[in-house]
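Welcome, and please open your viewer before reading on. We will go from stop to stop, with something to select at each one.

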Amino acid sequence: MNPTILRVALKAPLHELYDYLAPAGGPEPVVGQRVSVPFGRSERIGIIAALATTTPIAPERLKAAKQIIDAVPLLDRPLVELLNWAAAYYQHPPGEVFAAALPVALRKGQEALGASEARWRITDKGNAALDASAIKAPVQKQVLQALQSGEHNSTALAAVHDGWQRAVRELQKKTFVAKFTAELPKVLPPDVPLKTGPQLNADQQQAVDQITPANSKTWLLDGVTGSGKTEVYLRLIEQQLDAGKQTLVVVPEIGLTPQLVSRFRERLAATVVVMHSNLNDTERTQAWLDASDGTAGVIIGTRSAIFTALNQPGLIVIDEEHDASLKQQEGFRYSARDLAVVRGKKLKIPVILGSATPSFETLANATVGRYERLRLPIRAGGASQPEVNLIDLQRYPATDGLTQPMIDAIGRHLGNNGQVLIYLNRRGFAPTLFCSNCCSCVECRRCDARLVVHQQRNLAVCHHCGFESRLPDVCPECSGELLPLGQGTERIETAIKNLFPEETIVRLDRDSTRRKGSIEQHLEIIRGGHARILLGTQMLTKGHDFPNVTLVCVLDADQGLFGTDFRSGERLAQNFIQVSGRAGRADRSGEVWIQTLYPEHPQLQTLLNKGYAGYAEEGLAERQATAWPPYSHLALLRAESSSKDTLYQFLTAARGLADQINPGSVRILGPASAPMERRSGRWRAQILLQAEHRPALQALLTSWRQHLVESSLSRKARWSIDVDPIELF
Ligand code: ADP
Ligand code: ZN
Ligand code: ZN
């Protein structure tokens with residue numbers, strides 16, 4: 001009889017699985033179990049990704065695994081299949097792919113039982129020291145003071161001070177604080193009466209009737225903003241819960257939509273768990289285990305939640321399926337949306353892709369019948385679509401980014417007791433710092449980018465590498481006078497404050513929401529009506545339901561008009577429709593006012609006259625004519641190096657290899673410099689592959705990657721393969 005070989009996904013450099021003999025004794029090896037194995041001089045924990053009876057490893061080099069950790073596999077078979085598929089498709093090491101599916105604690109081998117977490121409390125000695133004012137170090141003092149009000153976990157301590165870890169270590173040495181392990185209770189459904197939803201309209205009802213559990217297709221729920229897509233999800237989830245099934249809901253950014261989570265909790269008789277990047281390890285492990293043992297009826301999470309193990313999977317929902325954040329942009333570059341479709345097929349359960357502005361890929365898939373399209377063409381609850389007006393910036397010059405007609409419109413809506421949303425997708429005070437003497441702009445020394453003025457923090461900041469310096473008083477080149485040129489949200493905030501001194505303004509961007517919990521605070525102020533002017537970047541446009549907003553102001557429609565990426569038009573249209581959709585969502589009708597230098601621009605005109613559907617139709621025809629996705633398939637080899645020579649040596653060799661393997665059906669372009677050629681002090685360039693059919697592209701990529709991994713040049717540059725890139729740089 002042949003021995004059982006375990007093919008193990010290990011977080012290690014190789015792009016392959018690692019083969020081991022099954023350990024002597026212990027449970028029967030099953031795919032999806034964690035296993036500890038000898039690795040070099042140490043021991044590692046991996047997951048059994050496959051079983052085999054033969055291996056290319058020579059018998060004398062084949063080692064035995066030490067121990068199988070889980071009696072019951074941690075990952076079910078369809079999930080293991082999905083991960084194996086993803087590793088192959090995205091050309092990524094399986095060890096890292098499997099690691100992405102597990103919270104850190106489970107990756108390290110923690111027993112898959114109820115969760116516990118580390119906490120700290122103050123000791124009597126610590127109390128005495130604090131009372132005697134014997135603590136001089138400021139951070140230690142702050143931490144002790146916080147602990148006086150009760151025990152803290154790591155998340156709570158991090159909110160006290162960034163440097164908490166060091167302070168706590170010192171305090172523990174002096175036995176002023178003690179660390180202990182606390183068991184966490186399971187999350188139980190809240191003990192409050194559930195809210196009931198509104199009566200569905202005919203379109204919503206039709207969607208609910210069609211998407212039955214037996215109808216395991218991929219559905220595109222194409223509904224205008226405010227058409228009640230979330231209501232449809234809620235009804236379908238209720239059906240799933242009644243049948244004892246779980247629903248996985250993936251959203252772009254949970255931090256931005258806390259109201260979505262409470263809406264689910266208020267309506268559903270089930271445990272609703274949340275998975276996103278702001279959870280600490282313990283919280284994440286707990287949520288993961290609740291999903292995998294079936295405690296949770298609904299799992300809401302950001303893109304990585306697509307890998308959550310589910311005990312009774314019934315339905316997968318991808319909300320805002322067009323959103324770029326569903327694609328991971330570094331390391332393991334997967335698309336949570338595309339993986340949802342694959343996972344749904346493997347599980348034979350329905351998948352819903354919801355959006356008011358579906359991606360062109362999804363629209364094309366619906367057109368050829370791969371997905372089934374359901375439309376919600378009107379707003380639910382009787383709200384009407386907003387009226388859109390353009391302001392020509394040539395005719396009405398702007399002061400501090402605002403034209404007179406825009407200021408008048410804001411005044412009018414405030415006068416009618418409406419809320420006003422002002423959108424500008426640029427944070428900071430001004431995007432450039434211009435020298436009036438030598439006409440240069442202050443640039444980042446490590447990137448091909450200008451430094452952005454952040455006046456409140458008195459800093460010049462690079463938005464690409466994070467470099468920060470004090471705002472220079474004079475030009476670093478010629479000592480000439482420096483002028484902040486252009487507008488960011490910070491500058492608009494100042495201008496609005498001067499124009500409407502009585503109003504409270506809430507600014508929502510990455511700078512104003514650094515502190516944990518501050519997004520929720522801002523959103524509360526807005527929803528409670530304590531502020532009538534909301535100002536912000538894209539953060540403001542994502543999925544929020546602000547019922548009292550009657551006016552949306554788009555300060556700079558031109559930001560996306562001249563993008564170089566083949567997708568910039570699609571992105572512009574999506575942003576535009578999404579931000580407009582924040583106006584007039586309840587019983588009050590809304591207006592959208594847009595400032596532009598190019599009111600006649602064909603893209604703007606199409607969007608205004610034909611809406612997103614008409615825009616997408618034209619856009620897709622153009623993609624077809626030029627053979628861009630979705631009418632072809634792309635992959636990028638991106639590389640970077642601190643030496644430009646090394647970079648091009650590597651890419652030129654890589655190109656040569658690709659040409660040798662190419663059966664002829666793949667177009668190979670490059671090496672070409674990346675649109676931002678230097679970033680964080682490194683040179684960047686890429687090779688683009690384009691093919692009409694996926695199998696040809698996949699075959700080339702697989703063989704190319706193997707060659708690259710084995711080539712000596714590959715260690716000289718940092719490189720990665722991006723399959724289905726959503727940005728070409
Ligand atoms: P979407 O997810 O498409 O943006 P929502 O489901 O959030 O839309 O619905 C928008 C608003 O309309 C919400 O306030 C919701 O409660 C309300 N709504 C949804 N469906 C109905 C309906 N059938 N009747 C009345 N109000 C509804
Ligand atoms: Zn100068
Ligand atoms: Zn920089």
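Start with helix α19 and select D645 and Q660, two exposed residues on the face turned away from the helix's buried side. Here exposed means over 50% relative accessible area, buried under 20%, and partly exposed in between, using a 1.4 Å probe and protein chains only. Helices (H or I, at least four residues) and strands (E, at least two) are DSSP runs numbered from the N terminus.

A word on what you are looking at: this is a predicted model, in which local features need pLDDT of at least 70 and side-chain atom pairs count only at pLDDT 80 or more, while totals for chains, interfaces and linings use all residues. Residues are numbered from 1 along each chain as its sequence is written, chains are lettered from A and ligands numbered from 1 in the order in which they are written, and side-chain values use heavy atoms, leaving out hydrogens and water.

**Along and around α19**

Now turn to the other side of the helix and select T646, L647, F650, L651, A654, L657 and A658, the buried residues of α19. Look down the axis: these buried residues fall within an arc of 120°, so they line one face of the helix. The arc is taken from the directions from the helix axis to the C-beta atoms. An α-helix has 3.6 residues a turn, so residues three or four places apart point the same way.

Next, check the length of α19, residues 644–661. Its 18 residues should span 26 Å at 1.5 Å a residue, and the end C-alpha atoms are indeed 26 Å apart. The expected span is 1.5 Å times one less than the number of residues.

Before leaving, pick G656, also in helix α19. G656 is partly exposed, at 30% relative accessible area. Draw a distance from its C-alpha atom to that of Q419, 237 residues away along the chain, and you should read 59 Å.

**Two cis peptide bonds**

Select P629 and P630: the peptide bond between them is cis, with omega near 5°. P630 sits in the loop between α18 (602–626) and β27 (633–641). Then move to G670 and P671, where the peptide bond is again cis, with omega near 10°. P671 belongs to strand β28 (residues 666–679).

**Two positive phi angles**

Which residue in the loop between α1 (77–89) and α2 (94–100) should you select next? Choose Q91, which is not a glycine yet has a positive phi of about 55°. Q91 counts as buried, with 3% relative accessibility.

C439 is another non-glycine residue with a positive phi, about 60°. Find C439 in the loop between β18 (432–435) and β19 (452–454). Its relative accessible area is 52%, and C439 is exposed.

**Last stop: ligand 1**

Select ligand 1 and show the 17 residues around it, of which Q199, Q204, K229, T230 and R263 come nearest; a residue is near if one of its heavy atoms lies within 4 Å. This shell divides into 4 nonpolar, 8 polar and 5 charged residues. Helix α9 (residues 229–242) gives the largest share, 3 residues.

Finish with the backbone. A nitrogen atom of ligand 1 is 2.7 Å from a polar backbone atom of Q199, and an oxygen atom of the ligand is 3.0 Å from one in G228. The protein covers 76% of the 550 Å² of accessible area that ligand 1 has on its own, by the Shrake-Rupley method with a 1.4 Å probe.

Technical notes: Polar contact = N/O pair within 3.5 Å; in protein donor to acceptor, adjacent residues only side chain to side chain. Nonpolar A, V, L, I, M, F, W, Y, C, P; charged D, E, K, R; others polar.
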